[in-house]
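Student: Could you take me closely through the pockets and cavities of this model, and then set the salt bridges and the metal site beside them?

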Amino acid sequence: MIIGTAGHIDHGKTALVKAITGVDTDRLPEEKARGITIDIGFAHTQMEGTEVSFIDVPGHERFIKNMLAGIGGIDLLMLVVAADESVMPQTREHFDICRLLQIPSGVIVITKRDLVDPESLDVVREEISGLVKGSFLESAPVFSVSSKTGDGIPELKSGLARAFRDVRQRQTSGVLRLPIDRVFVLKGQGTVVTGTLISGVVQKESPAEILPSHRKVKIRSVHAHNHSVDKAVAGQRTALNLQGVEKADIRRGDVLTEPDFFEPTSLLDVRITLLQNSKPLLHNSAIRFHHLTNDVPARLTLLETGVLSTGESTFAQLRLQRPVFAINGDRFILRKHSPLVTIGGGIILDHMPSGRARRGEAQTLQRLQQLEQAAPEQRFAIAVESRGFQGAGESFLKAKLALHPLEIRNLKSDEVVFLRPNPVLAISRKSELEMIQHMENTVTLFHNQNPLLPGIPKEELRTRLRHEVLPEVFSAVLERACSADRLQAEKDTVSLFGRTVSLNQEQESLAALVEDFFLRVGLGSPGMDSVAKEIRKDAGSVRKMLFLLVRQGKLVKVADDYFVHHTNWEELKQRIRSLKPKQTTLSVPDFKALFGLSRKYAIPLLEQLDREGITRRSGNERIIS
Ligand SMILES: Nc1nc2c(ncn2[C@@H]2O[C@H](COP(=O)(O)OP(=O)(O)OP(=O)(O)O)[C@@H](O)[C@H]2O)c(=O)[nH]1
Ligand SMILES: [Mg+2]
């Protein structure tokens with residue numbers, strides 16, 4: 001359970017945390033000297049058997065940046081208002097920030113009760129209820145206390161304990177994310193980082209990665225709520241002792257996460273909302289983007305309008321000066337440089353947009369509308385579809401959906417086809433259908449242009465598709481097209497399903513002529529070009545026909561330019577076999593004499609007999625099998 005303070009400067013936030021926990025969270029000498037909080041402070045305690053951490057934030061308007069680094073991860077807010085001053089500018093600003101970040105719940109604490117009379121206290125109550133009307137704090141309990149005398153503190157403590165019974169449990173199944181808020185060196189131990197673990201689990205001895213620097217580290221030890229533990233889970237204040245990194249290599253705003261999972265980006269597609277008291281915001285304005293413990297200068301592309309009016313909301317794209325690591329669904333705050341004020345905030349819809357967006361692009365707006373309402377399955381479908389013919393692989397999907405591979409495999413969508421379960425490879429049903437259609441068209445065209453060939457070579461089909469298709473995606477889709485009886489693939493050749501080579505009349509007569517020729521010449525046939533001359537047909541057609549007849553099994557290809565009719569070849573084999581058992585070996589001269597052939601024919605024929613296992617070579621002789 002993490003409780004955070006918020007409120008105007010000097011309203012008694014730090015004194016209140018001390019009154020509850022006994023811990024003074026102002027640590028810096030400068031804080032002590034000036035009597036104000038500059039940076040966030042932490043206190044850990046037990047309340048009714050629950051570990052509770054307090055994050056105390058500065059109220060000074062110049063330190064809102066630090067306040068924002070602390071407030072993001074809290075479960076429960078204590079909105080602090082001093083009885084003697086009531087609602088002040090940073091009371092409003094802090095409260096606006098908490099609303100924009102959608103802090104889930106909270107209580108209201110009126111401090112310095114000892115300084116006012118009951119009537120003034122009632123006026124303060126009135127002002128506060130006006131402030132929180134219509135917000136998540138509308139029906140929050142209100143406590144009035146004095147940190148000086150201790151009045152009201154016990155009631156507040158039991159009120160807090162009641163309040164956090166209703167607070168949501170955080171998800172521990174998500175991907176590990178620890179936004180870092182402090183880095184320091186612990187003598188004898190090395191680099192330590194702290195933060196509120198916003199999702200997942202962090203385990204002792206496990207590897208991790210710091211983003212955006214991509215620095216790989218090992219987690220030497222884990223502290224949760226100030227105790228040494230084997231692992232910390234989402235929702236805990238966590239300190240990690242890291243191996244493999246110097247203090248100077250890490251800064252507040254970095255995030256510790258699982259290794260090789262994410263790629264930081266400088267473009268974010270978002271929905272932003274402007275505060276009620278903020279001035280209209282112009283397209284391309286320079287703003288500061290505050291996200292978790294990080295803040296980065298940015299420019300804003302408004303996607304629906306040129307000017308965003310006060311209190312209104314719109315789709316936008318943030319162009320950040322430095323890459324950050326953010327995830328869909330994260331909330332953020334936008335501030336302006338001069339004057340330095342909070343102007344609004346929003347939610348990230350796509351942390352990996354494919355590129356710069358322009359105002360009014362229908363496709364972009366439609367995608368963002370879908371993403372805004374999307375359940376994980378739809379988000380999955382949209383991500384896969386965005387990849388088109390390329391398909392979506394595991395590393396892309398992990399980073400895009402912020403899910404572990406196991407969770408991705410369990411997603412079900414009618415719009416997505418899993419081409420491979422592990423590592424995941426998916427394609428949208430739409431792209432698959434389109435790709436199969438392309439394949440069919442290409443194969444049909446090939447058949448028309450090459451009627452005597454059985455089909456198109458696979459690799460040629462892949463490279464002829466209109467878009468670049470990865471071999472693994474292509475093979476998987478082809479396989480599915482074959483099981484669906486749309487295409488057929490044999491070895492390296494793809495043809496339309498059910499297709500056999502069919503000849504027209506002219507080709508039929510050529511086939512007969514060629515076959516007849518080879519039957520007649522027996523074993524001593526001439527080369528292809530001579531065959532063409534003999535039967536007076538053009539060499540090109542004869543050549544193609546020869547190969548077709550070989551594929552059909554009517555001719556045997558004995559050597560490169562040497563063919564024998566199947567019938568003659570079978571006869572030859574029969575004669576060799578029948579030599580046994582009288583004769584068991586065969587020399588080249590024997591073979592030449594037996595068939596009346598020259599060496600030119602005898603050698604390739606014998607080699608073909610060897611290949612078919614009729615004979616076996618042994619020195620200068622052949623053994624008849
Ligand atoms: N009389 C009285 N004084 C209080 C009470 N609470 C705080 N103070 C005093 O108010 C001053 C400011 O208190 P802090 O707790 O430092 O105020 P803060 O809200 O933490 O201020 P920042 O962190 O700078 O925003 C200190 O001098 C406190 O002693 C209270 O309940 N009664
Ligand atoms: Mg303070």
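Tutor: The account below begins with the open pockets, goes on to the enclosed cavities, and ends with the charged pairs and the metal ion.

The model is predicted, and local features are described where pLDDT is at least 70. The largest pocket holds about 1,200 Å³ of space, and of the 40 residues that line it, those closest to its centre are Q171, R177, N328, G329 and D330. Several elements contribute to this lining, each with at least two residues: strand β18 (286-291), strand β22 (331-336), strand β23 (341-350), helix α7 (362-373) and helix α8 (376-385). Sorted by class, the lining of the largest pocket consists of 22 nonpolar, ten polar and eight charged residues.

The second largest pocket has a volume of about 970 Å³. Its lining is made up of 38 residues, and Q363, R367, I382, E385 and S386 are the ones nearest its centre. At least two lining residues apiece come from β23, α7, α8, α9 (394-401) and α11 (429-449). Among the elements just named for the second largest pocket are β23, α7 and α8, and these also supply at least two residues each to the lining of the largest pocket. By class, the lining of the second largest pocket has eleven nonpolar, 14 polar and 13 charged residues, whereas the lining of the largest pocket has 22 nonpolar, ten polar and eight charged residues. R367, listed among the residues nearest the centre of the second largest pocket, also belongs to a network of salt bridges in which it is linked with D269, D350 and K400.

The enclosed spaces come next. A search of the whole structure finds three cavities of 30 Å³ or more, and the largest of these cavities has a volume of about 80 Å³. Its lining residues are I55, A69, G70, G72, G73, P179, D181, T196, I198, R237, L292 and T293, and the elements that give two or more residues to that lining are α3 and β7 (177-186). The lining of the largest cavity divides into five nonpolar, five polar and two charged residues. The second largest cavity has a volume of about 40 Å³ and is lined by F262, E263, P264, T265, V324, F325, A326, H351, M352 and A399. Here the classes come to seven nonpolar, two polar and one charged.

Helix α3, which contributes to the lining of the largest cavity, also takes part in one of the salt bridges, of which the whole structure has 35. In this pair, K65 meets D295, and the closest N and O atoms are 2.9 Å apart. Because K65 lies in helix α3 (residues 64-71) and D295 in strand β19 (residues 294-302), the salt bridge ties together parts that are 230 residues apart in sequence. The two partners differ in burial: K65 is partly exposed, with a relative accessible area of 43%, while D295 is buried at 6%.

Another salt bridge joins the side chains of D151 and R113, with an N to O distance of 3.7 Å. D151 sits in the loop between β6 (142-144) and α6 (153-165), and R113 in the loop between β5 (105-111) and α5 (118-132), so that this pair links distant parts of the chain, 38 residues apart. D151 is partly exposed, with a relative accessible area of 39%, and R113 also counts as partly exposed, at 29%.

A local pair is found within helix α17 (residues 566-578), where E570 and K573 lie three residues apart, about one turn of the helix. The closest N and O atoms of the E570 and K573 salt bridge are 3.2 Å apart. E570 counts as partly exposed at 33% relative accessibility, but K573 counts as buried at 9%.

Finally, there is the metal site. The magnesium ion (ligand 2) is coordinated by OG1 of T14 and OG1 of T37, at 1.9 Å. T14 belongs to helix α1 (residues 13-21) and T37 to the loop between α2 (29-34) and β2 (41-47), a pair that links parts of the chain 23 residues apart. T14 is buried, with a relative accessible area of 13%, and T37 is likewise buried, with a relative accessible area of 9%.

Definitions and conventions:
Residues numbered from 1 in each chain as written. Chains lettered and ligands numbered in written order. Heavy atoms only, no water. Salt bridge = Lys/Arg side-chain N within 4 Å of Asp/Glu carboxyl O. Helix = DSSP H or I, 4+ residues; strand = E, 2+ residues; numbered from the N terminus. Buried < 20%, exposed > 50% of the residue type's maximum accessible area, 1.4 Å probe, protein only. 1 Å grid on protein atoms, 1.4 Å probe; cavity = no way out; pocket = protein on both sides within 12 Å on 5 of 7 lines; lining within 4 Å. Points joined across faces, edges and corners; volume = space filled by probe spheres on them. Nonpolar A, V, L, I, M, F, W, Y, C, P; charged D, E, K, R; others polar. Donors = N, O, S within 2.8 Å, 3.2 Å for Na, K, Ca; no water.
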